[in-house]
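Q: Can we go over the backbone oddities in this one? I'd like to start with how the elements are numbered.
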Amino acid sequence: MEERHHEYLPDLEAAEKAQLPGKLKIFFGYAAGVGKTYAMLEAAHQAKKEGIDTVVGYVERHTRPDTLALLEGLEELPCKEINYRGIHLREFDLDAALRRTPQLILVDELAHSNAPGCRHTKRYQDIEELLRAGMDVYTTVNVQHLESLNDLVSSITGVVVSERIPDRVFDSASQVELVDIEPADLVKRLQSGKVYQERQSKQALDHFFTIENLAALREIAMRRTADRLNRAAVHDGKGQSARAGEHILICLSSAPSNAKVIRTAARMAEAFHSGFTALFVQTPESKELSGANIKRLRSNLRLAEQLGAQISTVYGIDPAVQIAEYARVSGVTKIVMGRVNHRQSPLMKKKSLADRLIELTDLDIYIIPDQQPLYKKPLGRLRRPGPAFSWKDVGKAALVLALSTLICLGFYAAGLRESNIIAVYILGVLATAVWTSGHLYGVVSSVLSVASFNFFFTEPRFTFQATDPSYPITFLIMLLSSVIASSLASRVKTQARLAAQKSYYTELLLENSQKLQRGRGEWECLQLAAEQLNRLFDRPVIYALEKGGAELAFRAEPEDQAKILEGLTTEDLGVAKWVQKNNKHAGATTNTLPDAQWLFLAVRGTRGVMGIVGIPISGYSIPDAFEKNLMVAILNECGLSLERLRLREEKREAALAAQREHLQANLLRAVSHDLRTPLTNISGSAGILMQQESTLDSAARQRLYTGIYDDCSWLINLTENLLTATRIENGGVQMEPELLEDVLKTAVRQVDRRARDHHISVTMKDPMLMARMNAGLILRVIINIVNNAIQYTPAGSQIALSAERKGDMVEVSISDDGPGIPDEAKKHLFDLFYTAGQGRADCQRGLGLGLNLCQTIITQHGGELKVADHKPRGTVFRFTLPAAGER
């Protein structure tokens, strides 16, 4: 358990060092012994000579002396020791490689299947994680291990290879080096014991390693390498597609031959450079799949995904109709399917699926031969989506039959014809088919209805004998009519159920889209997606946002299931962290950490992982193919919504930053401009005093001293305003109850020197009136407003300060009887860098910062600052503050 626990907690910090994904080089051969590992080790020595940090992660030795000799001089990582069912296994240690983080690492046997307990089930997944961590990787693989070529190779050699890799891994390699040797030379190497031991070599020469097989495999390997080069050229825009607009469709099923169909279609799609879709038609029968059938279906689904197919699902009873309709609306040009491989009864022989598709479409249809042994489809086996037997349904059928018989007895007593009685029984069979689950009850009801008609209404009555020779025909027609009516009713009901299910899924997707569009925050969007998954799977869902690699903070949906968060183990959290780092799904039902109890999925945007969602698998049903696709669709849409919100926030922050930089630039420009005038005056006055003090009279000296003092006061006031603005931006506002009268009188004492030329008064109706404020900031507001009044009113003007309580607020008024402010100027009075009376000589020092700062301070206090005309003349500024104490 300790070993497995280590696998659940990979060393993710080492992977964070890499900035770019690594490059993969594959040494490709057509059979074992051609020299792939030897060529890989030679390339490693060359890389080491070039100064590249090179490490051997894992090399299959095969006791080959030449290969072992090349390992000398290369650093090797120790293998991971795993004890599985008493067998000692040596595996590649992925975590040790991530901790070591070399520039280049060698990992042999790309197609190898890892032992249980490793993080991944396949070695190619280990290599993909190394590449994501930024390491370059050298590896080896043979042609028979490519998934799309498995059937072709097995048909040539008669050997089915179990260890395979998706073709995408091979095609995504940065470089593929074909290691080639003549088949005759390879046979000689085998005979000399350079590949296998003597007993193994003899067995291999008698079966797999024949000259014919090796020649065919060599040709396939060369062709596949050339196809890859052509595919790369087309991808880079240097080549042209062989067939533009082609779209190949295959149908997923649980048939043993379906895997071969998928591989053949994948090779065709690659040859045509076309689209490739795997369609699953979900019917009532597919819901009842179990055992080996459901395992094959899931395996075929994974195979199609590995080979690059787009998975789609449709609902219906008639697969041919559904396939034809999907092909028509999706632009499919070719359909690839397997040959029907089960015997049909001569009495019930019907057209094959291929024949029906030929009738319904005008597309090219390719039939792939099936070498699987013939099997006999059970005759007359009825598959029903409901339970096999239900006493409740038996009671319903019996009740309908009894009511039908009672009604018919009434008709018989009234002298109505037998055709009316037969119609009642047929109506009863329809009611039974609709009211019960499945075909069985309708069929049994049909038989019992015929028996009841014979027993109660044919001569001789109350027996099962019939004297009229026409009655058997009547019974047969009645039975056929009843069975057909029951079958049609059941089919309509099934179609209605499938249509309702499809409508529900469609509604779920539309509702998810609409809700996500209205989501106002990232957590809200993720919660909405979790709600939809909770409705879809009827199980709790956990979710977390991804915030730049920070620790995941999970929440649960529904919220009353938060207790499940306490049950998350260290192993579960390790799986979630791996998904967060690697942007891959992992956990139960996947090939990465499959022993986990949860399935964790990445919520993806175009720029990576936006969040993590987990659903429990242990104790719940495994989601089918369509449900998984629906789940991924919901999460992908959620990821795009999260990305949209983040982009909107980034755009808003960028706009604020740009605005802040613009304001800072304007402020710097304005301050630089306005500082020049007072500093010039101070410098000039000081220079005159220094040079001509003895020649100046007392009045002239006093004027110069006064000018210096006024300019210094203006600079101090400007500095105080700038410091106040900075303090508000950085630290906010801390408020305490203050006595307003003291604050107003303190502000009056600190105003401009020219205040002595004006009449300033403070009037308080309530001397004990208190307000919640930051006294220093409110002093700055009052001083700025009073200084403005002093600047813009003539000498001798009246400036009055007063305060009174109004409800929960205190209103402070500062009025003057000067010339007033024009209405047009009032609109911009609180704008930054705006000064009333711009253009006047005495206004050139007006930086336009004071009133804007005042409004900011009052807003921070939760109040409001307004300007109005003062009657009969002048201007009045009013601002509000939260009151303190009771009235």
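A: Helices here are DSSP runs of H or I with at least four residues, strands are E runs of at least two, and both are numbered from the N terminus. The model is a predicted one.

Q: Ok. Where is P872?
A: P872 sits in the loop between strand 26 (865-869) and strand 27 (875-882).

Q: And the bond joining K871 and P872, cis or trans?
A: That peptide bond is cis, with omega about 5°.

Q: What about the bond from E557 to P558, cis or trans?
A: The E557 to P558 bond is cis, and its omega is near 0°. P558 belongs to the loop between strand 17 (555-557) and helix 22 (563-566).

Q: Why bother listing these?
A: Because most peptide bonds are trans, and most residues other than glycine have a negative phi.

Q: Switching to phi, then. What is the phi of N583?
A: N583 has a positive phi near 55°, and the residue is not a glycine. N583 is in the loop that runs between helix 23 (570-582) and strand 18 (586-587).

Q: Is N583 buried or exposed?
A: Neither label fits: N583 has 26% relative accessibility, so it counts as partly exposed. The buried class is under 20% and the exposed class over 50%.

Q: And L593, what's its phi?
A: About 50°, positive, and L593 is not a glycine. L593 lies in the loop between strand 18 and strand 19 (598-605).

Q: Buried or exposed, for L593?
A: L593 is at 3% relative accessibility and therefore counts as buried.

Terms used: Residues numbered from 1 in each chain as written. Predicted model: local features only at pLDDT ≥ 70, side-chain atom pairs only at ≥ 80, totals over all residues. Heavy atoms only, no water. Buried < 20%, exposed > 50% of the residue type's maximum accessible area, 1.4 Å probe, protein only.
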